[in-house]
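User: Could you walk me through this fold with a few questions and answers? I would like the cut-offs spelled out as we go.

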Amino acid sequence: MTVGPPHTRKSLARDLAELGLAPGDTVMVHTAFRKVGPVLGGPDALIDGLLDVVGATGSVVSYQDWELGADVWDDKGRVLDSLRPHVPPFHPQTARPARDHGIVALMIGTRRGVRRSANPGASIAVLGARADELTRAHSLEDGYGPGSPLSRLVDAGGRVLMVGAPLDTMTLLHHAEALADLPGKRRVRIEYPLLADGGGTDWRWAEEFDTSRPVVDGLDDLYFATVVRDYLATGSGAQGRVGSADSVLVDAADIIAHAVEWLEKRPR
């Protein structure tokens, strides 16, 4: 099989610009990097290409979550007694992103100058001009709802970019779940170990909408993808290739409005 020349920082930046990414954009990015194809410089070249396009006034946002390497909670959200002495406390400067989110999220979250928000499960990382604005004061309660980094992304005129990533992984749509007027939303309580001032662990309880599955009964587990496809079918958003990866770029406020309406009008 003949393999063409590798993609480069410059060629990826060109692809991103052709898709519609622009200087000054604040963009939340999800990637399946292996689908981009061979890249000279690896994931850093894609991140650098993103930063090249959005420029000094733009920002690159990545969902991080928190990598613990094991499920440490019981069915009531309490950390298991047998594991409690061994669970490392969360701190935004040292916590690693969940492996499920891929190599680009990992590398954004560990880059020099990155800022990370302080809600372990809903944590985001930001590079660029809006890093402080988007990551500050991330409440442990309702970390995807009003006042959250996702809400601020919408208010800032942000965008969402999917580079080869499955459409059902668009994290921003958890914000739509939080906003939609729906009866019977599932909520969960969870115990988090936070790094206390001076060291040690500050054990804190938080309450959140259940983001591990659709927020109400009757929705398919992958329904986010349906929402995104329906949105794209209206002619909104942009579709194209970044490297070899099928990619999508959408306006955050527009797709949130679409998703909230979709949820509230769905058959019940």
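**Charges, size and sheet**

User: How far apart are the mean positions of the 29 positive and 36 negative charges of the chain?

Analyst: Happy to help. Lys and Arg count as positive and Asp and Glu as negative, with His and the chain ends not counted. Each charge is placed at NZ of Lys, CZ of Arg, CG of Asp or CD of Glu. The mean positions of the two sets are apart by 3 Å.

User: Before we go on, what kind of model is this?

Analyst: Residues are numbered from 1 along each chain as its sequence is written, and side-chain values use heavy atoms, leaving out hydrogens and water. Local features need pLDDT of at least 70 and side-chain atom pairs count only at pLDDT 80 or more, while totals for chains, interfaces and linings use all residues, as this is a model that is predicted.

User: Which radius of gyration does the chain have, against the value for a compact globule?

Analyst: The radius is taken over C-alpha atoms, and the globule rule is 2.2 Å times the number of residues to the power 0.38. With 268 residues that rule gives a value near 18 Å, and the chain agrees with it. The C-alpha trace spans about 55 × 50 × 40 Å along its principal axes. The radius of gyration of the chain is 19 Å.

User: What share of the residues in the chain is buried?

Analyst: Buried means under 20% relative accessible area, exposed over 50%, and partly exposed in between (1.4 Å probe, protein chains only). Of the 268 residues, the buried share is 50%.

User: What is the strand order of the open sheet of 7 strands?

Analyst: The chain has 8 helices and 9 strands; these are DSSP runs numbered from the N terminus, with helices (H or I) of at least four residues and strands (E) of at least two. Two strands pair if DSSP finds at least two bridges between them. The pairing in this sheet is mixed, and its order is β3-β4-β2-β1-β5-β9-β8.

User: Which are the edge strands?

Analyst: Each edge strand pairs on one side only. One of them joins β4 through 2 bridges in the antiparallel sense, and that is β3. The edge strands are β3 (115-116) and β8 (238-242).

User: Why is strand β4 (residues 124-128) described as largely enclosed, and which residue of β4 stands opposite Val 61?

Analyst: Strand β4 is largely enclosed by the rest of the structure because 4 of its 5 residues are buried. Strand β2 (residues 59-63) runs antiparallel to β4, joined by 5 bridges. Arg 115 stands opposite Val 126, and the residue opposite Val 61 is likewise Val 126.
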